[in-house]
Amino acid sequence: MPEQPYVLLTGDPAEARLEIVDSVHGPHTQAFLTKAGLLPGMNVAELGCGVGLVTERIARTVGKPGHVIALDASHKQTVAAARRLKTRCVTNVEFVTADAGATGLDEDSFDFVYCRFLLMHMHQPEVALAEMLRILKPCGILAVEDGDFSSPFCWPASRDFNRAFELYVTAGESCGADFLIGQRLFQLVANMGLQHISIETVQPVCVDAEECSLVSSTLNECRDTLLKHNLATRKEIDETIVNVNRAAMSGLTVFGMARMTQVSGRKPQKEG
Ligand SMILES: C[S@@+](CC[C@H](N)C(=O)[O-])C[C@H]1O[C@@H](n2cnc3c(N)ncnc32)[C@H](O)[C@@H]1O
């Protein structure tokens, strides 16, 4: 893992939560990938691939003539991702364990470079974006999406739901992460000198109990960070989780999840 602490779990214990993340955000991600220009036959790099949920979507889209390099700083994640894709008979993916800021991948070598929920975890997202641009071919497509965790809402309103997200954002801050990064993603990408930049936002809304459980499971994964930095007591975390779960299971409470900012653009042609 990079020197910067990571707030959430990795490897096998991370898998169930990331599956729910993809159930909530996956359809919007799929639409974004298509709109950004992902096509069969492309050579793709995905940074911060986690346990490989978006990786599988990308690999199936580019198909056999295409190829995917899926990279994560956590070896546990790349091992879990490789196992998942093997069991699902996806064979056009290669996994790399490396930091997104120093991938070791060749310059100008990918048609499409992508990440989801990666930049929000980084002290210096600009460094990862510069690396993504370096490995893109001229005219290649950069597509990044990330959240704004000040945007979730709950109806009927719930203090515990709001507190869960406050604690999550605070846990991120204590590790140098920025869980509001969605607000400034366009500017981060524009500052890299990309062309034809587009921005959209999407906010998934859930009523299904399993999807709504994402709120409490994410808070639970932040537990160690919150306790270590004295940002909450064990009792407060436990009570918040119980109360959020009660709302999640009602089947009538609406959970508006993190609004995602999706930004894509093209690397300029080389001059001369
Ligand atoms: C919240 S998970 C998202 C996983 C996946 N992109 C998804 O949306 O399902 C964030 C991932 O970024 C990885 N990560 C965090 N910091 C990283 C870094 N500096 N370089 C590469 N990967 C990193 C973590 O190990 C984790 O797998």
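Reader: Let's start with one residue. How many C-beta neighbours does Cys139 have inside 10 Å?

Author: This is a predicted model, and in it Cys139 is found in strand β5. Its phi is near 75 degrees, a positive value in a residue other than glycine. A residue needs 20 or more such neighbours to be buried and 12 or fewer to be exposed. Cys139 counts as partly exposed because its number of C-beta neighbours inside 10 Å is 13.

Reader: And the strand around it? How many of the 13 residues of β5 are buried?

Author: β5 covers residues 136–148 and runs parallel to β4, residues 110–116. Helix α1 lies across β5 as well as β4, β7 and β10. β5 is largely enclosed by the rest of the structure, so its count of buried residues is high enough to say that: 10.

Reader: How many bridges join β4 to β5?

Author: Two of the pairs are easy to pick out. Phe110 has Leu136 as its bridge partner in β5, and Arg116 has Glu145. For the two parallel strands together, the number of bridges is 6.

Reader: Zooming out, which strands stand at the edges of the sheet of 7?

Author: The sheet is open, with mixed pairing, and its order is β3-β2-β1-β4-β5-β10-β7. From one strand to the next, the twist averages 15 degrees. An edge strand here has a single partner, so one side of it is left without a neighbour in the sheet; that is the case for β3 (93–97) and β7 (195–202).

Reader: Which residue in β2 stands opposite Val44?

Author: β1 (residues 43–47) and β2 (residues 67–72) run parallel, joined by 5 bridges. β2 is largely enclosed by the rest of the structure, because 5 of its 6 residues are buried. Val44 is also among the residues that touch the most other members of the largest nonpolar core. Its opposite number in β2 is Val68.

Reader: Speaking of that core, how many residues does the largest nonpolar core have?

Author: The residues touching the most other members are Val44, Ile58, Phe112, Val113, Ala143, Tyr168 and Val215. Take Val215: leaving out residues up to four places away in sequence, it touches Phe161, Ala164, Val244, Ala248 and Phe255. The full membership of the core comes to 81.

Reader: On to the helices. At about what angle do α1 and α2 pack?

Author: The residues meeting from α1 (12–36) are Leu18, Glu19, Asp22, Gly26, Thr29, Gln30 and Leu33, and those from α2 are Leu53, Val54, Arg57, Ile58 and Thr61. They divide into 5 nonpolar, 4 polar and 3 charged. The crossing is right-handed. The axes are 9 Å apart, and the angle is about 35 degrees.

Reader: Is Met260 buried or exposed?

Author: Met260 is found in strand β10. Setting aside residues up to four places away in sequence, it touches His25, His28, Glu145, Asp146, Gly147, Gly182, Thr201 and Val202. The cut-off for burial is 20 or more other C-beta atoms within 10 Å. Met260 has 24 of them, so it is buried.

Reader: There's a second sheet too. Which residue is the bridge partner of Val205 in β9?

Author: That open sheet has 3 strands in the order β6-β9-β8, with antiparallel pairing. β6 (153–155) and β8 (205–206) each have a single partner strand, so one side of each is left without a neighbour in the sheet. Over 2 bridges, β8 pairs with β9, residues 254–256. In β9, Val205 is partnered by Gly256.

Reader: Anything odd in the backbone? About what omega does the cis peptide bond of Trp155 and Pro156 have?

Author: Pro156 is found in the loop between β6 and α5 (159–174). The bond joining Trp155 to Pro156 is cis, with omega at about -5 degrees.

Reader: Last one: how does His196 count, buried or exposed?

Author: His196 has its place in strand β7. It has a positive phi of about 50 degrees although it is not a glycine. The cut-off is 12 or fewer C-beta atoms within 10 Å, and His196 has 11, so it counts as exposed.

Terms used. Residues numbered from 1 in each chain as written. Predicted model: local features only at pLDDT ≥ 70, side-chain atom pairs only at ≥ 80, totals over all residues. Pairing = 2+ DSSP bridges. Helix = DSSP H or I, 4+ residues; strand = E, 2+ residues; numbered from the N terminus. Axes fitted to C-alpha atoms, helices over the stretch in contact; angles between N-to-C directions. Contact = placed C-beta atoms within 7 Å. Left-handed = near helix turned anticlockwise from the far one by under 90°. Nonpolar A, V, L, I, M, F, W, Y, C, P; charged D, E, K, R; others polar. Core = buried A, V, L, I, M, F, W, Y, C linked by C-beta atoms within 7 Å.
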